[in-house]
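Student: Could we go through this model together, starting with how a pair of helices packs and then turning to a couple of single residues?

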Amino acid sequence: SPILWVLFSTFLWTVVFAALKIIDASISVFQLMLLRYLGAFLTIALILSFKGGIRTYLSARPVSHFLRATTGVGGAVAITWASSRMPLVDATAIGLLYGVFAMALGAIFLKERVSFPQLISVCVVLSGVALVMLARGAFQQGVYAFAAIIAVLGAVSFAIEGVLIALLGRRETAWTVMLYVTVFGFLIMAPLAWIYWQAMPLQVAIFC
């Protein structure tokens, strides 16, 4: 069901955000993101080769896809970086704010109606984030406070991306949306990854 897919994607993103911490930050966040986009593009390109080829999924709205990719890259870099510099539980809790921001932006820009149960869920999420952050003492040290701010900005960026995905999804296929974000994401990350490139073992590259 859609709910199970959402839960599964949440699990995968948690692993993604924790990657730098797991590999002990032996490579830069830009390098990590570049490898992710490369792997995603190769996977999607392989799948599309059996579904009519990439040309079948080209879009007439490349600028919109680029804006979506920019917000997605910004959010992923921000939260991945924050997760490597603060307790993962704190970064994950802040990442939950994405849903709150996305709901607010959806109501404003997509004219979506927010029900009373959804408002209750927003209050529960905000309370949970505050409880986790305060219990873990995220703001007792300056470095955690800065990382937390970056994580919040990442959640905002992801929420903006969510709105753009919803808009693109009304006119494009899901495969087109995924194809363009991997291409633009790779192009955005390439120069930054090249500047901060660090040698890495093969097992680290495979894990990324």
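Student: Which residues of α2 meet α3?
Tutor: In this predicted model, α2 contributes Val29, Phe30, Leu32, Met33, Arg36 and Tyr37, and these meet Gly72, Val73, Ala76, Val77, Thr80 and Trp81 of α3. By character, the residues of this contact between α2 and α3 divide into nine nonpolar, two polar and one charged.

Student: And at what angle do α2 and α3 pack?
Tutor: Helix α2, residues 29-48, and helix α3, residues 62-83, pack at an angle of about 130 degrees, and their axes are 10 Å apart. That angle makes α2 oblique to α3, and the crossing of the two helices is right-handed.

Student: Switching topic, is Thr182 buried or exposed?
Tutor: Thr182, which is found in helix α8 (residues 174-195), is buried, with a relative accessible area of 4%.

Student: What does Thr182 touch, then?
Tutor: Not counting residues up to four places away in sequence, Thr182 touches Tyr37, Ala40, Phe41 and Ile44. Tyr37 is also one of the α2 residues that meet α3. Within its own stretch of chain, a polar atom of the Thr182 side chain lies 2.6 Å from the backbone oxygen of Leu179.

Student: What about Thr176, buried or exposed?
Tutor: Thr176, also placed in helix α8, is buried, with a relative accessible area of 3%.

Student: Which residues is Thr176 in contact with?
Tutor: Leaving aside neighbours within four places in sequence, Thr176 is in contact with Tyr57, Ser59 and His65.

Student: How far apart are Thr176 and Thr56?
Tutor: They are 120 residues apart in sequence, while in space Thr176 and Thr56 are 8.9 Å apart, taken from C-alpha to C-alpha.

Note on methods. Residues numbered from 1 in each chain as written. Predicted model: local features only at pLDDT ≥ 70, side-chain atom pairs only at ≥ 80, totals over all residues. Heavy atoms only, no water. Helix = DSSP H or I, 4+ residues; strand = E, 2+ residues; numbered from the N terminus. Buried < 20%, exposed > 50% of the residue type's maximum accessible area, 1.4 Å probe, protein only. Polar contact = N/O pair within 3.5 Å; in protein donor to acceptor, adjacent residues only side chain to side chain. Contact = heavy atoms within 4.5 Å. Axes fitted to C-alpha atoms, helices over the stretch in contact; angles between N-to-C directions. Parallel < 35°, antiparallel > 145°, perpendicular 65-115°, else oblique. Left-handed = near helix turned anticlockwise from the far one by under 90°. Nonpolar A, V, L, I, M, F, W, Y, C, P; charged D, E, K, R; others polar.
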